[in-house]
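Student: I'd like to learn how to read a helix and the empty spaces in a protein model. Can we go through one together?

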Amino acid sequence: MATPFGDRLRRAALAAEQAKLAGLLVTPSADLRYLTGYDAPPFERLTCLVLRPGADPVLLVPELERPRAASSPVGDAIELATWRDGDDAYGALAGFLPDQGRFAVNDTAWAVHLLGFQKAVPAATWRSGSAVVSRLRVRKDPEELELLSRAARGADEAFRRITALRMDGLREEEVAASLSDLLREHGHDTVDFTIVASGPNGASPHHEPGGRPIRAGEEVVLDFGGTVGGYFSDMTRTVVVE
């Protein structure tokens with residue numbers, strides 16, 4: 001199995017066994033991407049990774065999403081099970097689970113999915129999956145450290161470049177657009193936010209950049225970030241416009 005995901009799946013299954021779990025269920029989330037490299041969209045159609053002690057992992061996906069799941073880093077090395085529209089997705093999932101036991105679910109699973117799990121395996125008990133997965137994720141492997149470093153370097157360089165821009169007379173939204181372009185230019189896959197808050201707007205922690213012209217002598221709060229390979233940058237700096 002493609003590294004590092006094979007090792008992560010093995011360690012997660014072992015951690016589930018040590019926690020005396022009958023299974024660990026992971027729906028679309030940062031946890032699923034960490035374990036499989038599959039960045040599945042969080043739809044109402046169920047996608048769920050099933051990890052059970054002593055058994056191979058299974059990724060249950062909607063039939064419509066099978067090609068996308070198959071092209072993920074673990075697509076050719078993990079069992080892909082599918083269900084079709086009109087099928088009982090939770091019944092399909094129950095086929096991979098024992099009839100009872102204690103299961104963990106990732107913390108960000110939609111309530112509708114957890115309710116479906118509970119109905120499909122009524123004799124089971126349920127707990128938060130963070131006790132299992134967070135312990136794995138807290139220690140970063142070399143691949144993660146490289147992605148985090150790239151995100152940090154990209155944000156640093158974007159800030160260096162934006163401070164060279166003459167902001168006097170520009171609108172907040174113009175500076176925000178330039179900042180977004182710079183983040184992408186310096187390696188970011190996505191840009192999640194670019195707050196540019198000038199003058200009195202600096203008192204608003206989640207200000208939306210607008211048409212206010214920036215004036216010389218004003219302080220401008222820059223708060224921006226995005227992702228590189230699923231790992232985040234987040235930088236806040238305050239500059240004074242000359």
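Student: Which residues of helix α5 are buried?

Tutor: First, some ground rules. This is a predicted model, where local features need pLDDT of at least 70, side-chain atom pairs count only at pLDDT 80 or more, and totals for chains, interfaces and linings use all residues. Residues are numbered from 1 along each chain as its sequence is written, and side-chain values use heavy atoms, with hydrogens and water left out. Helices (H or I, at least four residues) and strands (E, at least two) are DSSP runs, numbered from the N terminus. Buried means under 20% relative accessible area, exposed over 50%, and partly exposed in between (1.4 Å probe, protein chains only). In α5, which spans residues 111–120, the buried ones are His113, Gly116 and Phe117.

Student: Why do they sit on the same side of α5?

Tutor: An α-helix has 3.6 residues a turn, so residues three or four places apart point the same way. Here the buried residues cover an arc of only 100° around the axis, which puts them on the same side of α5. That arc is taken from the directions from the helix axis to the C-beta atoms. Ala111, Leu115 and Lys119 are exposed on the other side.

Student: What do the buried residues of α5 pack against?

Tutor: Contact means heavy atoms within 4.5 Å. The partners are β1 (23–26), β2 (48–51), α4 (89–94), β5 (100–105) and β6 (123–128).

Student: Now the empty spaces. Which residues line the largest cavity?

Tutor: Rolling a probe the size of a water molecule over the atoms shows where empty space is left. On a 1 Å grid over the protein atoms alone, a cavity is a set of points where a 1.4 Å probe fits but cannot get out; a pocket is an open set with protein on both sides within 12 Å along at least five of seven lines; lining residues have an atom within 4 Å of a point. Grid points are joined across faces, edges and corners, and a volume is the space filled by probe spheres set on the points. The largest cavity, about 40 Å³, is lined by Pro41, Phe43, Arg45, Thr47, Pro62 and Glu65.

Student: Is Pro62 buried or exposed?

Tutor: Pro62 is buried, at 2% relative accessible area. Pro62 belongs to strand β3 (residues 58–62). Leaving aside residues up to four places away in sequence, Pro62 touches Arg45, Leu46, Thr47 and Trp83.

Student: And how much space lies in the largest pocket?

Tutor: About 450 Å³. Of its 22 lining residues, Arg33, Tyr34, Gly229, Gly230 and Tyr231 lie nearest the centre.
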